[in-house]
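Me: Could you walk me through this structure, one question at a time? I'd like a reason with each answer.

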Amino acid sequence: MADQALYRKWRPAAFDEVVGQEHVVQTIRHALASGRTAHAYLFSGPRGTGKTSTARLVAKALNCTHPDPAQRPDNTCRNCVAVNEGRFLDLIEIDAASNTGVDNIRDLRDKINFSPSEGQYKVYIIDEVHMLSMGAFNALLKTLEEPPPHAVFILATTETHKVPATVLSRCQRHNFRRIPTAEMVARLQSIVSREGLQVEPAVLDVLARQATGSMRDAISLLDQLAASPDEMVTLDATLKVLGTAGGQAAQDLAEALAEQDAARGMDAINALMDDGVDSRQFARQMVDYLRGLMLVRMGNARLVDAGAETMKAMQQQAGRFEVGALLRAIKAFNAAANDSRSGWLAQLPLELAFVDSLRGDPDPASRVETPPIRKAAASPAAPMATASPPGAPPPANRPPGVVQLGQVASNWNDVVAASRRVHPNLPALLAACQPLGVEGDVVTLGFRNEVLRSKADGEQNRQGIEQSLGQVLGAALHVKCVLHSAEAVQLPDVDSDGPVAEAFRLGGRPRK
Ligand SMILES: [Zn+2]
């Protein structure tokens, strides 16, 4: 027989064991001790924060026979034991998310007036109450309006706004908050030692972060990883299983940002992708980390939910960023975290976010003035040059391999604009293709049909494209034009007046 799931086994049996909800627990304990409990409660808050566990504790305390109300639940009396073993008849749990929700509410109405069979109170816990149908809500409301003295309702929901106001107004409300990382780590640590598990210390921190405030998720993750008690749960294995990056990765990328080191940042991102890290998840980690830096930078370090080691690193890094630069970086990585379009090139959103964060120029107007169009032969300068400290001379031609795909992609609009000055029909060709990769000094461009590809590949056009790229990116680059399947790339729609049609009409010949 399989062992009991850890999160069931370590569900709080007493109020002291409820993690991170002192504000709720204190009020309820006080009410229980003074015999002034309400007939209906609404527990709201994110999943896994202890709503149903606390509801069960209330049910247990109400029916506990310990003579001192302040000592209830004692977990030793007949009723407490029955609740703990899941066989207490006067505790009725209804899952509103299940099909039987409505039937259960009707049933509840029919039976509610019967006295409790074992204890002093019949306690109804209705989980996910916002899922009830209107009919079921109306039935519930009738009983809430005139509950028999022996009935107590505890409604739990993750979405209070979906509960009708008529129902809300009958309930005493308590908000459960996301559980802070440090408190979650402490609880995990106590479970680990009581279970005799072997876990590397850094693992608990990763689990707690991954669970984003849900104790249940954190314990379930621990359960998955600690398959056998003899085996050490390592940080390395944990990160692999979760497809997540360790806290160090966000710190390293922030370091590359602080150093304004584009190449290092791109390497770090691509190494993460090679390790199977989920790009959107890592983008969220970056937002979290950069937000921490910003708070530290602004003197609000106490608002940062981080362990001691991370906090030390943040304090060391925060002073090297301007608040404006951090804000820009947070926005850029937040956009990457919400970017779902780039399945064909998983690291692209991260690369774009990183490059956007590098731009040291806070004034968008002055960025527009930066002329992307200059003869390649003269002095190639580029928007990328703003990565250098202000006032520094523009970089000389970059050695091969320094330009990364992310830079090409994020400057693509500038490349298209620059190409117009080189040759009037180039923008149309460039608008119909997509940069696919960079190898050494060769940029691969994907075209979805052979006609466009061969036009772009004609010597004159290809040189024009190379010239445009060189002007914008400040590097001597070559271009390889390949055919790329349409379904893999999002290309602009072709309409009769559009750029692609224009390219067809021009036939790739130089205009007089
Ligand atoms: Zn008891």
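**Sheets, helices and the core**

Me: In what order do the three strands of the open sheet with mixed pairing lie?
Reply: Happy to start there, with a reminder that this is a predicted model, in which local features need pLDDT of at least 70, side-chain atom pairs count only at pLDDT 80 or more, and totals for chains, interfaces and linings use all residues. Residues are numbered from 1 along each chain as its sequence is written. Strands are DSSP runs of E, at least two residues long, and helices are runs of H or I, at least four, both numbered from the N terminus. This open sheet has mixed pairing (two strands pair if DSSP finds at least two bridges between them), and the order is β8-β9-β10.

Me: Which strands of that sheet stand at the edges, and why is one side of each left without a neighbour?
Reply: Each edge strand has a single partner strand, so one side of each has no neighbour in the sheet. Neighbouring strands here are turned by 30° against each other on average, direction ignored. The edge strands are β8 (433-439) and β10 (478-483).

Me: How many bridges join β8 to β9?
Reply: β8 and β9 (residues 442-447) run antiparallel. One pairing to look for is Val-438 with its bridge partner Val-443 in β9. The number of bridges joining β8 to β9 is six.

Me: Helix α22 lies across β8, β9 and β10, so at what angle does it run to β10?
Reply: Angles run from 0 to 180 degrees between N-to-C directions, using axes fitted to C-alpha atoms, for helices over the stretch in contact. Helix α22 covers residues 450-457, and its angle to β10 is about 165°.

Me: What about the open sheet of five strands: which strand does β1 join through four bridges?
Reply: The five strands lie in the order β2-β3-β4-β1-β5 with parallel pairing, and the twist averages 15° from one strand to the next. β2 (91-95) stands at one edge and β5 (172-175) at the other, so each has one side without a neighbour in the sheet. Phe-43 stands opposite His-174. The strand joined to β1 (residues 40-44) by those four bridges is β5.

Me: Are α12 and α15 roughly parallel or roughly antiparallel?
Reply: Helix α12 (residues 247-258) and helix α15 (residues 308-318) have axes 11 Å apart and pack at about 5°. Angles under 35 degrees count as roughly parallel, over 145 as roughly antiparallel, 65 to 115 as roughly perpendicular and the rest as oblique. Residues that meet include Gln-251 and Glu-255 in α12 and Ala-313 in α15. That angle therefore makes the two helices roughly parallel.

Me: Which helix gives the largest share of the largest nonpolar core?
Reply: A nonpolar core joins buried Ala, Val, Leu, Ile, Met, Phe, Trp, Tyr and Cys residues through C-beta atoms within 7 Å. This one has 136 residues, and Leu-207, Leu-290 and Phe-333 are among those touching the most other members. Nine of the core residues come from helix α14.

Me: Is Arg-170 buried, partly exposed or exposed?
Reply: Arg-170 lies in the loop between α7 (165-168) and β5, and its contacts (C-beta atoms within 7 Å) include Ala-40 and Leu-144. A residue is buried with 20 or more other C-beta atoms within 10 Å, exposed with 12 or fewer, and partly exposed in between. Because Arg-170 has 19, it is partly exposed.

How values were computed: Contact = placed C-beta atoms within 7 Å. Lists of a residue's contacts leave out its neighbours within four places in sequence.
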